[in-house]
Amino acid sequence: MMYPKKCCSAVVLLIITVFMGGVLPAHAWDYPKPDPEQDVKDISFYRGPDDNNKITNIGASRPANVILLIGDGMSFNHVALARHRAVGADGRLYMERMPVTGMVRTYSADRLVTDSAAAATALACGIKTNNGRIGTAPDGTPWISILEKANAKGFRTGLVATSSISHATPAGFAAHVESRDMQVEIAAQLLERRVGILFGGGRKFWVPTPRGERKDNRNLIEEALGAGYQVVLNREQLSRLSDGPVVGLFADDRMTTFAPEPMLDEMTRVAIGLLSKKGDWFAPKPRFFVMIEGSQIDWAAHANATDNTIRQTLLFDLAVKEALEFAERDKTTLVIVTADHETGGLLIKADKREPVAEWHSTDHTGGDVPIFAYGPGSTFFSGTHDNTQIPKRIARLLGFDDFPAPMKAASEQTVK
Ligand SMILES: [Zn+2]
């Protein structure tokens, strides 16, 4: 069942009444059963680029749109290992076809080794903070994110992840709390910030107990419908979307990254399609900013699970492919691919020509991570950077002044 925005008001009222009364039919909450044939070794879904050359870059003018893709925990060797397995030592992943490359420092305010919350805050708000914090400085001051700045400037915005959508990385772009664990609060803030596209897992943080985790008795799905959002819960509903705003919650917690759930590249394709399409939601002549996260590279690497690390990196690379194909057609979109930190202390050894992963940690490490860029303004991402410089450069390219900055102006707090 799907909840279209533009149906007659009686139907909307009925749906809202059903939600409010807590008598939503049980089947509406049931996700399809996972495909029993789940094999993390199977990477047959991945087909590498036909063209092994770098993409020719687009001239130096300013971008209209920005697509920022973050591979959580994905450092140089995660990319290299996936390359060896999927396209061979001489091949390229899609992200490796991007013409501009650099490296990014990842330390946080209180640790040389960051977590995803402090790293997301750096990549979103342009400030160093302590591990665990979301969108707030070590003293607790909330700082505006590049997504919120874009929102305030009339851009459409989106967040896409394979974790819960209230997890640390997406949270850093549209929430301000002292701890990443406050996913109930973060989910409410994502909606209140009027992010136009929210695709991921984590429905349990949107609905009250006993069905969900909310003890404040708020039903954010009902609130989203009331605010004009469509709400979709599965791949088929996702594929039928023709405009936004939309909340897509495809799992109760993390996504499985297996059928019948939508894959990250499918969510990416739909998100970019909706954000770029002319229409009357949020901004009639759309420019957009979207952050897309391959959330589970990190988790596979924490578990030192080599096959799944490769699989998750390739799933993420297909999302990069979608972004690049759009940007090559559009010609006004800057695509940036980077990571928040390294996970697993991954080294690549070899058995003759076969790569052998050697893991040195079950946690994050403090090395630099890669950055790849393509499109107008991409040359500003060449070389070495601190992670806080990434959103500052995006802000400058999009013509945003006063960034980074604490959230103080009321106009920024009530973004349209
Ligand atoms: Zn991690």
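Two residues are taken to be in contact if their C-beta atoms, placed from the backbone, lie within 7 Å. The structure described here is a predicted model, and the account below moves from its sheet to a helix that packs over buried residues, and then to the core.

In the predicted model, 10 strands form an open sheet of mixed pairing, running in the order β5-β6-β4-β3-β7-β1-β8-β13-β2-β14. The edge positions are taken by β5 (residues 230-232) and β14, each of which has a single partner strand, so that one side of each is left without a neighbour in the sheet. From one strand to the next, the twist averages 15 degrees. At the β14 edge, the pairing with strand β2 (residues 100-105) is parallel and extends over four bridges, and Arg105 stands opposite Asp386 in β14.

Helix α13 spans residues 389-397, and its buried residues are Ile390, Pro391, Ile394 and Ala395. These residues lie on the same side of α13, because they cover an arc of only 135 degrees around the axis. Such an arrangement can be read against the general geometry of an α-helix, in which there are 3.6 residues a turn, so that residues three or four places apart point the same way. The elements covering the buried residues of α13 include strands β1 (65-71), β8 (333-339) and β14 (383-386), together with helices α4 (116-125) and α5 (146-152). Just after α13, Gly399 adopts a positive phi of about 80 degrees.

The largest nonpolar core comprises 113 residues, and those with the most contacts inside it are Ile67, Ala271, Val290, Val335 and Ala373. Helix α12 (residues 306-330) gives the most to this core, contributing 10 residues. In soluble globular proteins, nonpolar side chains tend to be buried together. When residues up to four places away in sequence are not counted, Ala271 touches Gly158, Val160, Ile197, Phe199 and Val290.

Phe282 is placed in the loop between α10 (264-276) and β7 (288-294). Despite this loop position, Phe282 counts as buried, because it has 22 C-beta neighbours inside 10 Å, where 20 or more are required. With residues up to four places away in sequence again left out, the contacts of Phe282 are Arg156, Gly196, Gly244 and Pro245. Ala161 lies 121 residues from Phe282 along the chain, and the C-alpha atoms of these two residues are separated by 22 Å.

How values were computed: Residues numbered from 1 in each chain as written. Predicted model: local features only at pLDDT ≥ 70, side-chain atom pairs only at ≥ 80, totals over all residues. Buried ≥ 20, exposed ≤ 12 C-beta atoms within 10 Å, placed from the backbone. Helix = DSSP H or I, 4+ residues; strand = E, 2+ residues; numbered from the N terminus. Arc of directions from axis to C-beta. Pairing = 2+ DSSP bridges. Axes fitted to C-alpha atoms, helices over the stretch in contact; angles between N-to-C directions. Core = buried A, V, L, I, M, F, W, Y, C linked by C-beta atoms within 7 Å.
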